[in-house]
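New to this one? Here's a quick briefing to read alongside the sequence and the 3D view.

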Amino acid sequence: DSRVLLITPDETMKKGAAAARNVGLQAARGEFIQFLDSDDLLDSEKIMAQITMLQTSDWQSLAICRWHSFYNSTEPPKTIQNDDFRSFISIEEYLETIGKIGGFYPPHVFLVPRKLIDVAGHWNDSLTMNDDGEFFFRLMCNAKELLFCDGTYVRYRQNNPENGNLSTLDSREKAVSLVNSWRIIEANCVTRFPTVASGYL
């Protein structure tokens, strides 16, 4: 398919997921950006449904959708209702909600207007842990609302614990990176949302 561009890294490219995503962003020409790791899955209607929603919204809107975890792709999709499976008219409302209930969106839940990334900046490739949390929080710092697209979903693969995971906190370097990511998030939160209760942090 001529629309698909395969980029093979060379020895000059910085290693890591964040650096690879930045290479993809530099090559991307679309109005919207969809991130997708190789082991996760999208509903076939996900991108079109979210594009339709975002095309009638401000460029500072982020589209989200349902998600559920799975181990094997032969498992049927699940119907799950979480308290954060809804639209949020402000980012402050979202932060206050997940500060009370906890919350997490995997990266492929989002469809992101390219303009929003251009304002918020690319991935922080100095982080080896929670680089996605820091990146999407930075997007939220520059967004106005989260729009929930109810008619679609994504699937987030849970790895078998015996096989290991890139996100496993198994070294001092990863622990330091995790702490640094939350220091950045905290600084942005205090600056951008000074009235938000500290439950999220």
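Let's start with one residue: Ala 120 sits in helix α4, which covers residues 114-120. Keep in mind that this is a predicted model. After that residue, we'll move on to a sheet and the helix that packs on it.

**Ala 120 and its surroundings**
- Is Ala 120 buried or exposed? Its relative accessibility is 10%, and buried means under 20%, so Ala 120 counts as buried.
- If you set aside the neighbours within four places in sequence, Ala 120 is in contact with Arg 138, Leu 139 and Asn 142.
- Leu 201 is 81 residues away from Ala 120 along the chain, and 20 Å separates their C-alpha atoms.

**The sheet**
- Three strands make up an open sheet, in the order β2-β5-β3, and the pairing is mixed.
- β2 (41-42) and β3 are the edge strands, so to speak the sheet's borders, as each pairs on one side only.
- Strands in a sheet pair through backbone hydrogen bonds, and they can do that in a parallel or an antiparallel way.

**How the strands pair**
- Strand β3 (residues 61-70) and strand β5 (residues 145-157) pair in the parallel sense, with 10 bridges.
- Leu 62 has Leu 146 in β5 as its bridge partner.
- β2 and β5 run antiparallel and are joined by 2 bridges.
- For Leu 41, the bridge partner in β5 is Arg 155.

**What covers the sheet**
- Helix α2 (residues 46-54) packs on the sheet and touches β2, β3 and β5.
- The direction of α2 makes about 170° with that of β5.
- β3 is mostly covered, with 9 of its 10 residues buried.

Notes
Residues numbered from 1 in each chain as written. Predicted model: local features only at pLDDT ≥ 70, side-chain atom pairs only at ≥ 80, totals over all residues. Heavy atoms only, no water. Buried < 20%, exposed > 50% of the residue type's maximum accessible area, 1.4 Å probe, protein only. Helix = DSSP H or I, 4+ residues; strand = E, 2+ residues; numbered from the N terminus. Pairing = 2+ DSSP bridges. Contact = heavy atoms within 4.5 Å. Axes fitted to C-alpha atoms, helices over the stretch in contact; angles between N-to-C directions.
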